[in-house]
Amino acid sequence: MPNPCPICTLDMELTTIQQYVCKHPHTGPGPKIGTTATDCPVEKGSIWVHVIDDDGKNVSEIAAKVKDTTKPTVAGFSPFDPLDVDRYKVEIGPLTPDQLLKYFPAARMFAENVPVKKGEITSVQFVLAQKAELKVIVKVAGEDKFVPNIKVNLTGPDTREGTTVQDGTGSAPFDSLHKGTFTVKVTLSEDDKKDYYLDDGADSKQAVVVPGQPNQCVFELKPIVWVKILIRDQTQDAPVPAGSIKLKKLDATSEDKDFPAAVATDPVKFDMKKQDGACVIEQVVTNGDDIYEVVGVGEA
Amino acid sequence: MAASVAADYPDRFRDMGDAGIRQFINRAIQTGRQYGIETEGAIAVLIQLMIYFGEQFELSPDRDWAFEMLAHPVAPPVLRISLVRDRLLSRSQGRMVTQFRPQE
């Protein structure tokens with residue numbers, strides 16, 4: 001018999017009703033407010049197992065068990081109906097391998113002594129935290145060159161340690177993370193420090209990790225370039241004796257760098273990192289207490 | 001309205017007190033207003049459904065459908081709330097849903 005929808009006039013589908021509803025006009029614990037009086041509710045109780053993720057979204061296909069019956073959740077719900085008034089143990093899981101890729105098992109995968117009351121539905125809710133992933137990428141600034149073997153530390157909802165891999169992506173992959181904000185810190189090895197540096201404070205970043213998203217956190221290393229400082233005796237065209245060069249850095253610290261003696265025709269060639277270029281050459285002092293002028297700085 | 005709600009659902013409102021019940025009803029009125037549901041009868045249905053299935057119908061498998069129906073652009077408000085009531089109560093067979101958390 002056609003049952004047209006009052007809105008679109010197409011035939012409506014019959015909803016699934018597993019029990020008959022009492023239509024007799026006797027009183028009961030049913031709705032009474034204003035115009036909301038409806039059929040008397042069924043006498044039996046029920047348990048609706050409800051599984052959601054930590055975003056509040058319904059999770060399907062999770063096995064739910066009450067008494068000896070196991071049913072998967074559909075759109076987050078698995079109804080066990082009808083049930084006698086009593087107390088029941090409700091379980092979910094075990095999660096399938098596919099589900100374990102997406103969710104952490106709940107802290108408690110069961111609930112004991114769940115009460116079922118006459119004419120009521122008891123909703124038992126389980127929350128599964130979603131798993132998320134984060135890729136930490138370390139690359140050379142301005143280049144498509146990725147840097148392997150960089151130590152990476154995560155702190156936040158989870159604490160993890162990793163290393164960028166040598167697969168051409170320079171990434172340290174982290175999976176099975178809880179969602180949230182992580183502090184990501186990279187640490188350069190002594191060898192790496194010879195070739196790269198990070199700006200002050202740039203060794204840590206905040207990364208927001210969202211389930212289902214390809215979360216990435218990129219660190220850019222600046223390459224260290226060596227420059228050459230040439231020192232020569234302008235007044236006498238004489239050999240430059242060995243000595244040292246005093247560098248005053250921007251942080252007001254000073255550093256002395258020694259250089260060897262040079263012959264008259266060949267000025268002192270003095271290599272230093274461009275990273276140190278953020279400094280002023282204060283003084284060039286030789287063993288003979290002579291002061292020399294710096295006549296040239298060029299990239300090595 | 002507050003008195004009848006408290007009288008009909010004493011368990012649900014035992015701890016809320018009179019002020020809590022009034023706040024609950026005000027929230028129901030606000031929710032109804034969002035969907036153009038403003039008559040006393042329609043608000044009464046909405047209150048009943050919020051008592052039965054949670055303020056966001058979060059205890060009903062038909063929550064998403066219900067909000068889609070409430071926001072239907074053509075159907076009149078009374079019809080919309082009536083269809084929502086029919087669907088939600090049909091699923092629960094007229095029974096109220098009480099939440100139980102595993103850690104309780």
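1. Two strands are said to pair if DSSP finds at least two bridges between them. With that in mind, and remembering that this is a predicted model, one can begin with strand 2 of chain A, residues 63–66, which is joined by 4 bridges to strand 3 of chain A, residues 69–72, the two running antiparallel. Strand 2 of chain A is also joined to strand 5 of chain A, residues 86–92, by 3 bridges, and these two strands likewise run antiparallel.

2. Lys65(A) is a useful residue for following both pairings by eye. Its bridge partner in strand 3 of chain A is Thr70(A), while in strand 5 of chain A its bridge partner is Glu91(A). Strands 2 and 3 of chain A form a hairpin with 2 residues between the strands, and in this hairpin Lys67(A) takes a positive phi near 55°.

3. Which residues of strand 2 of chain A lie on its covered face, and which on its uncovered one? The covered face is made up of Ala64(A) and Val66(A), whereas Ala63(A) and Lys65(A) belong to the uncovered face. In a regular strand the side chains alternate between the two faces of the sheet.

4. Val66(A), from that covered face, is among the residues that Val90(A) touches, when residues up to four places away in sequence are not counted. The other residues touched by Val90(A) are Ile47(A), Val49(A), Phe110(A), Ala111(A), Val114(A) and Val124(A).

5. Val90(A) also appears in the largest nonpolar core, which has 47 residues, and is listed there with Ile47(A), Val49(A), Leu46(B) and Leu49(B) as having the most contacts inside it. The element that gives the most to this core is helix 4 of chain B, residues 40–53, with 10 residues. There is, in addition, a second, separate core of 20 residues, including Ile150(A), Leu177(A), Leu188(A) and Val209(A).

6. Turning to chain B as a whole, one finds 6 helices and 1 strand, and when the chain is read along the sequence these follow the pattern α-α-α-α-α-α-β. The radius of gyration of chain B is 14 Å, close to the 13 Å that the globule rule gives for 104 residues, so chain B is as compact as a globular protein of that length. Its C-alpha atoms fill a box of roughly 40 × 30 × 20 Å, taken along the principal axes.

7. How much of chain B counts as buried? Of its 104 residues, 37% do. Among the contacts in chain B with a separation of 6 or more, 46% are accounted for by residues 24 or more positions apart.

Terms used
Residues numbered from 1 in each chain as written. Chains lettered and ligands numbered in written order. Predicted model: local features only at pLDDT ≥ 70, side-chain atom pairs only at ≥ 80, totals over all residues. Core = buried A, V, L, I, M, F, W, Y, C linked by C-beta atoms within 7 Å. Buried ≥ 20, exposed ≤ 12 C-beta atoms within 10 Å, placed from the backbone. Contact = placed C-beta atoms within 7 Å. Rg over C-alpha atoms; globule rule 2.2 N^0.38 Å.
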